[in-house]
Amino acid sequence: MKKKLVLLLTASVLLGSFSAPVFAETETEESTETAEKSDGVMTYEEYIAAEVDTEVVVETYVQAKQSWWEDTATLYTQDQDGAYFIYDMACSEEDYEKLETGTKIKVTGYKSEWSGEVEIIDATFEIEEGSFIAEALDVTELLGTDELIDHQNEFVSFTGLTVEDSGDGAAFLYSWDGSGTDGDDLYFNASLNGETYTFTVESYLCDNTTDVYKAVTELNVGDEIDMEGFLYWYEGVNPHITSVTVK
């Protein structure tokens, strides 16, 4: 979420327009095969090949709702072949409530890129028949490789990482530079095979009432953890974590 540019989205908290996301542990029956696309709808490969700033039409499934504000919604979505981050899509509050995890939607918008994050903007949508909930793909061994970006925005997992110092001995920071307070994004470092990576609990997606927010604030440097979340990108990999388990 572009918090430095869209600060007014914080008002969505005051409006009570979102709740903590619920992530299922199993896929629906439809997930076992690639769903047939409607006429005029792109495959994931066609979407990836499309030029930035061109119109795209995709069929995808809601995996989590990040926020709603002034008749726009931001969603993490995925089909059987890949994921699509939908930013500020036109959506009434009534329709936003209908977008449960697994809901199939047809999205028409424009492919965009912001600081490395590929997304769909200026979009409209239709709800369609069908349901799909993605299982977390373990991308632990792809950390630090060029292949990791091939799974951008997917629901993924990381296993067996070690919590590192995020600054002055702290296991996490409120905001990226430690200037925030309870309720802001959480940033924390974890390492694998001698390399350290930064992870985020995005407060619009998982606020300070969620289990993952509480779990991160209770981490200690040296803890070994498993995680799940969405493989967001900002100036490099910036996973939005939705679950943390201390081993």
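What follows is a short chat about a predicted model of one protein chain.

Visitor: What does the chain have in the way of helices and strands?
Guide: In this predicted model, the chain has four helices and twelve strands.

Visitor: And how much of the chain counts as buried?
Guide: Of its 247 residues, 49% count as buried, while the accessible surface of the chain comes to about 11,700 Å², with 46% of that belonging to carbon and sulfur atoms.

Visitor: What share of the contacts join residues at least 24 apart?
Guide: If one takes the contacts in the chain between residues at least 6 apart in sequence, 62% of them join residues at least 24 apart.

Visitor: Switching to pockets, how much space lies in the second largest one?
Guide: The second largest pocket holds about 200 Å³ of space, and its lining is made up of Y44, Y47, I48, A83, K111, V118, I149, D150, Q152 and N153.

Visitor: Which helix gives the most to that lining?
Guide: That is helix α2, spanning residues 44-49, which contributes three residues to the lining of the second largest pocket.

Visitor: How do the lining residues divide by character?
Guide: They divide into six nonpolar, two polar and two charged residues.

Visitor: Now F230, where does that lie, and is it buried or exposed?
Guide: F230 lies in strand β11, which covers residues 224-230, and F230 counts as buried because its relative accessible area is 1%, where the cut-off is under 20%.

Visitor: How far apart are the C-alpha atoms of F230 and A83?
Guide: Their C-alpha atoms are separated by 9.5 Å, although F230 and A83 are 147 residues apart along the chain; A83 is also one of the residues lining the second largest pocket.

Terms used
Residues numbered from 1 in each chain as written. Predicted model: local features only at pLDDT ≥ 70, side-chain atom pairs only at ≥ 80, totals over all residues. Heavy atoms only, no water. Helix = DSSP H or I, 4+ residues; strand = E, 2+ residues; numbered from the N terminus. Buried < 20%, exposed > 50% of the residue type's maximum accessible area, 1.4 Å probe, protein only. 1 Å grid on protein atoms, 1.4 Å probe; cavity = no way out; pocket = protein on both sides within 12 Å on 5 of 7 lines; lining within 4 Å. Points joined across faces, edges and corners; volume = space filled by probe spheres on them. Nonpolar A, V, L, I, M, F, W, Y, C, P; charged D, E, K, R; others polar. Contact = heavy atoms within 4.5 Å. Areas by Shrake-Rupley, 256 points an atom, 1.4 Å probe, with all protein chains shown as cover.
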